[in-house]
Amino acid sequence: MIEQVIINGLMIGGVYSLIAVGLTMIHGVMKIINFAQGDFLMVGMYATVMLYSFLQPGTAPYILILPVAVLMFMFGMVIFKTTITRVIGKGDSNYILLTLGLSYLLQNGAQLIFGPSYISLPVSNELKFATIQLGENYISIPRLIAFAAALTLVVIMNFFLTKTDMGRAMRSTAENNTIATGLGVNVKKVYIIAFGLGTVFAGISGLLLTPIFFIYPLAGAPFSSIAMTVCVLGALGNIKGAMVGGLLIGLVESFVSGYVNLEMAKVAIDLTLLMVLMFKPYGLFGGGARKA
Amino acid sequence: MNKSLNLSGYVKRYFPVIAFIAACALVPLFIKKSYIQRVFIEVFFFAAMGSAWNILGGFAKQTSWASPAFFCIGAYSALLMDKNFGLSPWISIILGIILAGVLAIVIGLPTLKLRGVFFSIATISCTSIVRQILFNTPNLTGGAQGLTLKMSSGNDLWRLRFDSEIPFFYISLIWMMLVVLIAAMLSKSRLGWYLKAIREDEDAAQSLGIRTYHMKLRAFVISAMLLAVTGAFYSFKIGYIDPNSSASHDLAVRIAVTAILGGMGTIWGPVLGAFICVPMLEISNYYLSDFGGGGAGFAIYGLAMVLVVLLRPNGIISLFQKKKAGGANG
């Protein structure tokens with residue numbers, strides 16, 4: 001049992017890492033915590049559903065990663081240009097209210113368009129229920145793919161941030177945007193790319209989850225709080241911290257739901273968040289950029 | 001001479017308020033439709049809750065999303081006392097106030113140490129923990145079904161059960177005015193000025209010797225108590241309570257938007273906000289419920305929130321204030 005619980009926790013934890021990396025990038029660069037991050041994930045899920053209707057039923061949805069990423073980047077740009085850009089640096093309560101309003105609008109807008117019903121992607125059963133055996137334990141293939149894809153993206157992101165010019169520009173903006181501007185960094189461009197990438201990561205997480213979870217307007221809501229928990233746990237603005245934090249939260253969730261029940265797993269995540277905020281406000285690993 | 005001058009000054013100053021109360025009080029004489037009266041009751045209750053939220057959320061700009069937790073404490077304690085012991089809500093409200101104060105301290109002690117957005121995140125978690133507790137204690141709170149008030153015919157002020165909407169109309173009106181009065185007195189009090197100093201700059205306020213943490217905690221407790229009383233009245237009005245409608249993020253957003261849309265940190269902003277938000281939701285639920293997959297009413301809420309932050313960060317009441325200031329200067 002315990003090995004199975006650990007495997008399940010790590011698998012879903014990989015996806016949590018990816019969502020959290022998106023959130024932590026947005027926060028790192030423009031000091032905004034996006035309360036609508038989970039709902040961007042939901043938008044990614046519906047985008048996958050819509051694009052999937054052009055495909056032959058039964059194909060794996062993973063070939064849609066690129067189109068969904070492009071769509072989500074455009075979506076992120078529209079959201080950024082119309083709303084987010086006006087609250088950067090205007091104080092906490094402005095962006096809290098703005099992004100919560102966006103979250104509310106997206107949830108209910110999705111219900112308006114797609115209805116409140118639960119839908120699932122018509123992927124083939126061979127994919128949906130495929131498993132590989134590992135000793136006495138089973139790993140579900142869709143979860144394994146989601147885990148592998150998510151972690152690959154996180155590693156690529158880390159490489160992008162440390163080894164490319166754009167990544168360095170982003171890190172310098174995160175450090176101090178006034179000085180970054182003075183050094184010739186195009187801060188506006190950095191903002192757009194960071195926000196776009198954050199949206200893309202949420203969208204791809206949504207895509208990776210479509211063969212596993214139901215799709216409905218509130219599907220993203222739990223992920224917002226999970227992503228925040230992961231980010232705070234791993235110190236905000238810290239990509240590696242977000243990665244480890246995601247895996248940890250995955251483990252917490254799977255242990256509590258495995259040994260207590262599913263409802264308590266949600267409480268456990270909320271409690272973890274409160275505990276971390278209280279006792280380790282700079283994250284488990286220290287460092288990271290955070291004012292509190 | 002001096003006294004009468006003062007009196008006329010007062011009348012002049014408070015004339016809009018008196019006129020507003022009188023106009024509200026006369027509504028049931030002219031509008032006999034019980035549906036419209038119910039909408040007015042909802043407006044008054046949301047104005048009260050918005051004003052209560054405003055004490056911490058507006059005066060000190062500490063955006064709390066824990067209001068449903070306090071609302072539930074008041075509502076559940078009143079309904080449970082009524083159901084199990086037949087206790088009058090007028091007495092169990094006191095219990096609700098005490099419990100809400102205790103819960104506010106329990107939630108506030110750790111979370112109010114956090115600044116800005118981290119306080120917000122923590123309060124969201126608190127609401128969802130309260131929600132899960134309500135769901136998972138079916139023996140006490142009825143779980144997902146919630147509690148239903150056993151109705152009886154006849155008017156009974158002591159047990160808060162009425163045949164018509166009119167008694168609750170006046171109860172809610174009086175309660176709203178009371179909360180507004182408390183908020184107004186608070187905003188002029190020492191605590192009110194401390195809270196406004198915290199809003200402008202918490203570090204500066206602290207460096208001037210204001211115990212910011214204590215002040216925020218006090219405001220949080222007061223706001224929680226007012227929310228609990230509203231919860232008790234409200235649950236007796238609608239006759240039931242369940243975690244899905246009460247301990248939800250939706251309610252937190254509705255309460256906050258009432259204050260934000262009207263004008264955060266102002267006395268009359270939440271009242272104005274309630275007069276806009278509640279009818280807006282009623283109208284859109286009435287006309288747009290079959291539109292698309294539903295949810296239009298709450299989508300409008302989200303849109304209103306976004307638009308207010310972008311276009312009128314000081315709320316709709318700033319439209320009127322500007323005019324007034326311009327008139328005085330010109």
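**Two chains, questions and answers**

Visitor: Where is Lys31(A) placed in chain A?
Guide: Lys31(A) sits outside the helices that flank it, in a loop of chain A. Helices here are DSSP runs (H or I, at least four residues), numbered from the N terminus. The place of Lys31(A) is the loop between helix 1 (2–30) and helix 2 (37–52) of chain A.

Visitor: What kind of structure is this, and how are residues and chains labelled?
Guide: This is a predicted model, in which local features need pLDDT of at least 70, side-chain atom pairs count only at pLDDT 80 or more, and totals for chains, interfaces and linings use all residues. Residues are numbered from 1 along each chain as its sequence is written, and chains are lettered from A and ligands numbered from 1 in the order in which they are written.

Visitor: Is Lys61(B) buried or exposed?
Guide: Lys61(B) lies in the loop between helix 2 (34–57) and helix 3 (67–85) of chain B, and has a positive phi of about 55 degrees although it is not a glycine. A residue is buried with 20 or more other C-beta atoms within 10 Å of its own, exposed with 12 or fewer, and partly exposed in between, with C-beta atoms placed from the backbone. Lys61(B) has 21 such atoms, so it is buried.

Visitor: How are helix 7 and helix 9 of chain A oriented to each other?
Guide: The axes (lines fitted to C-alpha atoms over the stretch in contact, with angles from 0 to 180 degrees between N-to-C directions) of helix 7 (residues 165–175) and helix 9 (residues 187–209) of chain A come within 10 Å and cross at roughly 100 degrees. Angles under 35 degrees count as roughly parallel, over 145 as roughly antiparallel, 65 to 115 as roughly perpendicular and the rest as oblique. Helix 7 of chain A is therefore, relative to helix 9 of chain A, roughly perpendicular.

Visitor: Which element gives the largest share of the side of chain B that touches chain A?
Guide: In total, 35 residues of chain B are in contact (C-beta atoms, placed from the backbone, within 7 Å) with 35 residues of chain A. Helix 5 (116–135), helix 12 (249–262) and helix 14 (296–311) of chain B each give two or more residues. The largest share, 12 residues, comes from helix 5 of chain B.

Visitor: Which element of chain B has the lowest mean pLDDT?
Guide: Chain B averages a pLDDT (the predictor's confidence in each residue, from 0 to 100) of 87. Over residues 324–330 of chain B the pLDDT is below 50. The lowest mean, 60, belongs to helix 15 (residues 317–329) of chain B.

Terms used. Contact = placed C-beta atoms within 7 Å.
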